[in-house]
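Take a minute to turn the model around before reading on. We'll start from a single residue and work outwards from there.

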Amino acid sequence: MIKKYIVFILACSMLLLAACNSEDADGNTQSNEDAEDTTEDATESEGDNSEEDPDQTGDETDGANETDEKTDNTDDQSSEETDNQTDQVGDPEAEKQYELDTSTWSLTPIEDGTNEKVVLLTIDDVPDENGLEMAKTLKELDAPAIFYVNGHFIESEEDQEALREIHDMGFAIGNHTYNHQQLSVADEETQKQEIMELDEKIEEVIGERPEFFRAPHGDNTDYAKQVVKDEGMLLMNWTYGYDYFEPYMDEDKIREAMISGEAPEIDIDYSLLKPGAILLMHDREWTAAALADIVEGLREQGYEIADPNTIEIPE
Ligand SMILES: [Zn+2]
């Protein structure tokens with residue numbers, strides 16, 4: 001048991017260290033130069049004792065389709081627009097059902113009786129080449145997600161329009177820093193700018209500030225954590241994600257890995273898929289190609305795709 005636990009911690013550390021390292025330029029180079037800087041954060045996975053959670057699965061929840069009532073008194077002319085609004089993935093009015101467990105970076109039900117067998121989908125480095133297409137794929141499947149955005153991807157009018165479309169489909173928008181800045185190597189002023197300027201930019205484009213934050217490489221500092229909290233955002237790492245590791249930059253392999261939770265080619269030969277898992281994916285060609293199958297594969301195993309609107313954001 002202890003051995004398994006240690007392996008789990010090592011795995012988490014490795015995942016955090018490598019995350020997002022592939023995203024410079026063509027997305028094919030990986031580096032581990034940031035490794036030392038992120039070890040502190042990786043250890044936050046310690047204290048993972050949630051794997052033995054009770055096997056109660058609770059009732060299926062249905063947070064996705066409760067927005068229809070709003071449209072009752074609209075007239076015929078606006079019915080098309082109305083359809084767009086009610087057809088959103090996720091429900092902004094949903095009640096809070098889950099809280100973030102920062103020791104395991106997973107979701108846990110706030111109350112007994114809530115379906116614990118959920119996974120949260122998150123897509124980082126949006127909107128680059130594939131983000132809008134990925135949103136359309138998920139929308140088609142009525143699968144909610146958080147899209148973590150970088151400021152350098154929303155400077156052109158075209159990219160801003162892509163972000164607007166993703167938001168209009170009902171997806172949650174998260175802050176992933178303006179320039180994909182690794183926070184632990186930046187001074188405090190830069191860290192603050194990287195977070196605040198993107199909050200402002202996102203608000204300019206979609207009319208509201210993000211509720212979620214994810215640091216590039218999962219590399220958080222105490223200072224940035226405070227800024228994020230002061231901004232009213234929830235800081236979130238992830239349980240597993242593999243599309244930034246060389247062997248998994250492949251449609252078939254990433255499909256299999258995300259559905260099973262296992263990535264034997266990087267020595268994760270046991271599954272990290274468990275109730276409440278937060279799944280990290282990126283705006284990448286191979287992940288976009290596998291995305292629909294990934295959602296279906298998770299659902300076939302009985303997992304519900306969690307609506308980010310149901311996650312509690314602590315004051
Ligand atoms: Zn990233």
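Does S184 count as buried, exposed or partly exposed? At 29% relative accessibility, S184 counts as partly exposed, where buried is under 20% relative accessible area, exposed is over 50% and partly exposed is in between, using a 1.4 Å probe and protein chains only. You'll find S184 in the loop between β5 (172–175) and α6 (188–206). Its C-alpha sits 9.4 Å from that of D222, although 38 residues separate S184 and D222 along the chain.

A word on where this comes from: this is a predicted model, in which local features need pLDDT of at least 70 and side-chain atom pairs count only at pLDDT 80 or more, while totals for chains, interfaces and linings use all residues. Residues are numbered from 1 along each chain as its sequence is written, and side-chain values use heavy atoms, with hydrogens and water left out.

Stay in that loop for a moment. T177 is also found between β5 and α6, and its phi is near 75°, a positive value in a residue other than glycine. T177 is buried, with a relative accessible area of 0%. H180 has its place in the loop between β5 and α6 as well; it has a positive phi of about 55° although it is not a glycine. H180 is buried too, with a relative accessible area of 14%.

Now zoom out. The protein comes to 9 helices and 9 strands; these are DSSP runs numbered from the N terminus, with helices (H or I) of at least four residues and strands (E) of at least two. Of its 315 residues, 55% count as buried. Look at contacts (heavy atoms within 4.5 Å) with a separation of 6 or more, and 75% of them are between residues 24 or more positions apart. For a pair that is far apart in sequence, try Y98 and I311: they are 213 residues apart in sequence, yet 4.8 Å apart in space, C-alpha to C-alpha. Y98 lies in strand β1 (residues 98–101) and counts as buried, at 2% relative accessibility.

What about the inside? The largest nonpolar core has 79 residues, and L121, F147, M236 and Y242 touch the most other members. Such a core is a set of buried Ala, Val, Leu, Ile, Met, Phe, Trp, Tyr and Cys residues joined through side-chain atoms within 4.5 Å. The largest share of this core, 7 residues, comes from α9. Leaving aside residues up to four places away in sequence, F147 touches a list of residues including I123, V126, M134, L138, F171 and I173.

Some of those partners lead us to helix α4 (residues 131–140), whose buried residues are G131, M134, A135, T137 and L138. They lie on the same side of α4 because they cover an arc of only 160° around the axis, the arc being that of the directions from the helix axis to the C-beta atoms. These buried residues pack against β3 (118–126), β4 (146–149), α5 (157–168), β8 (278–282) and α9. In the loop between β3 and α4 you'll meet P127, joined to V126 by a cis peptide bond with omega about -10°. Following α4 comes D142, with a positive phi near 50°.

Helix α7 (residues 222–230) has A224, V227 and V228 as its buried residues. Here the arc is only 100° around the axis, which puts them on the same side of α7. They pack against α6, β6 (212–213) and β7 (234–235). The face turned away from that buried side carries the exposed residues D222, K229 and D230. Just after α7, G232 takes a positive phi of about 80°.

Finally, look at helix α8 (residues 251–260) and helix α9 (residues 285–300), which pack at an angle of about 30° with their axes 8 Å apart. Axes are lines fitted to C-alpha atoms, for helices over the stretch in contact, and angles run from 0 to 180 degrees between N-to-C directions. On the α8 side, the residues are E251, I254, R255, M258 and I259, and their partners in α9 include W286, A290, I294 and L298.
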